[in-house]
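Hello,

Here is the structure I promised to pass on. Please open it first, then read my notes below.

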Amino acid sequence: MEKEELYLGSHVDLKAPNYYLGTVNDAISYGANTFMFYTGAPQNTFRKPLSELKIAEGRALAKAKGFDESKLIVHAPYIINAANYANPELYEMSINTIVNEMRRTAAFGVKIMVLHPGSHVGLGAENGIKALAKALDVALRSDGTDVKIAIETMAGKGHEIGVNFKEIKSIIDQVPNNDRLGVCLDTCHISDAGYDLTDFDSVIKEFDEIIGLDRLLVVHVNDSKNPMGAHKDRHENIGYGYLGFEVLNKIVHHPLLNGIPKILETPYYNEKAPYKQEIEMLRSGKYVDNWRD
Ligand code: FE
Ligand code: FE
Ligand code: ZN
């Protein structure tokens, strides 16, 4: 059997005054060997100039601590909606933001950017998929980087697209030059979308048959506040939701996902980041009852 290569980390803030240096320091304090960050606020496209973000210092520290940059992740701001032709201004802004974020991602030495596929706003999933594919085609022709885009699987709230493997596959297929397109599998989202994660072997088999495992670039490891099929998208701490520790632990250590970065996006509790404890439990495979107390 192949030796287990587990890259496990969490979402980490990038904020004043230390910016990327602070991001890397926080990841180290969580005991992580990978992490994910936004290059600015998640909910808007205002971005500080790269020169102010202490990128060189952060990268030097990450290198000294043994982080592998090919396993790090940037998340694009979620205000982007490139799945809606009907609003040309937002559509164009979304394409520009995708390109800009890919270039920013590259400036950190990061190779993978997660993108929410967006909402068809009532115009039908097929139209949304077509619009997004066109936007991705434009972005991938003009960004000039080697950054890959990981399209995230969504929970199916509102008019989201990308709510099952067939829709994701259809997005990828409609982009002619798609070798830099991949997938981010979010455990909370796919459970909310209706996939039964208690039988993860079947889920990952289906993923492989429809999309192909070689497209899987990152896994978001989250428990869910809601039962399978709820279409809500509300993350919960590991062991406190409907998925539970055993199901998530099996996914984290699944041999078919070996070497793929796994990122926690679970909520703070009592204003505390939960990541150090969650990483420890998932790495060791040993759950600590009532660990939030
Ligand atoms: Fe996301
Ligand atoms: Fe996610
Ligand atoms: Zn989510």
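Start with D233: this residue is buried, because its relative accessible area is 17% and the cut-off for buried is under 20%. Keep in mind that the model is predicted.

D233 helps to hold a metal. The zinc ion (ligand 3) has three protein donors: H189 through NE2, D233 through OD and H235 through NE2. They lie 2.0 to 2.3 Å from the zinc ion. Along the chain, these donors follow the spacing H-x43-D-x1-H. H189 sits in helix α6, residues 187-193. D233 sits in the loop between β8 (223-224) and β9 (235-236). The two are 44 residues apart, so this pair links distant parts of the chain. H189 is buried too, at 2% relative accessibility.

Now look for the iron. The zinc ion (ligand 3) is separated from the iron ion (ligand 1) by 5.3 Å. A further iron ion, ligand 2, lies 3.3 Å from ligand 1. Which residue coordinates both iron ions? That is E152.

The iron ion (ligand 2) has these protein donors: E152 (OE), D186 (OD), H220 (ND1) and E265 (OE). They lie 2.1 to 2.2 Å from the ion. Their spacing along the chain reads E-x33-D-x33-H-x44-E. The angles among the four donor atoms run from 80 to 170°, and the site is irregular. E152 belongs to strand β5 (residues 148-152), and H220 to strand β7 (residues 216-221). The pair therefore ties together parts that are 68 residues apart in sequence. Are these two buried or exposed? E152 is buried, with a relative accessible area of 1%. H220 is buried as well, at 0%.

Now step back to the whole protein. Its secondary structure comes to nine helices and 10 strands. The C-alpha atoms fill a box of roughly 50 × 45 × 40 Å along the principal axes. The radius of gyration is 18 Å. A compact globule of 293 residues would have one near 19 Å, so the protein agrees with that.

How much of the protein is buried? Buried residues make up 55% of the 293. The exposed surface is about 12,600 Å², and carbon and sulfur atoms supply 50% of it. Contacts also reach along the chain. Of those with a separation of 6 or more, 77% join residues 24 or more positions apart.

Best wishes

How values were computed: Residues are numbered from 1 along each chain as its sequence is written. Chains are lettered from A and ligands numbered from 1 in the order in which they are written. This is a predicted model: local features need pLDDT of at least 70, side-chain atom pairs count only at pLDDT 80 or more; totals for chains, interfaces and linings use all residues. Side-chain values use heavy atoms; hydrogens and water are left out. Donors are N, O and S atoms within 2.8 Å of the metal (3.2 Å for Na, K and Ca); water is not among the atoms, so sites may look incomplete. Helices (H or I, at least four residues) and strands (E, at least two) are DSSP runs, numbered from the N terminus. Buried means under 20% relative accessible area, exposed over 50%, partly exposed in between (1.4 Å probe, protein chains only). Four donors count as tetrahedral if all angles lie between 85 and 135 degrees; four count as square planar and six as octahedral if opposite donors are over 155 degrees apart and all others between 65 and 115; anything else is irregular. The radius of gyration is taken over C-alpha atoms; the globule rule is 2.2 Å times the number of residues to the power 0.38. Contact means heavy atoms within 4.5 Å. Accessible areas come from the Shrake-Rupley method with a 1.4 Å probe; for residues, only the protein chains shown count as cover.
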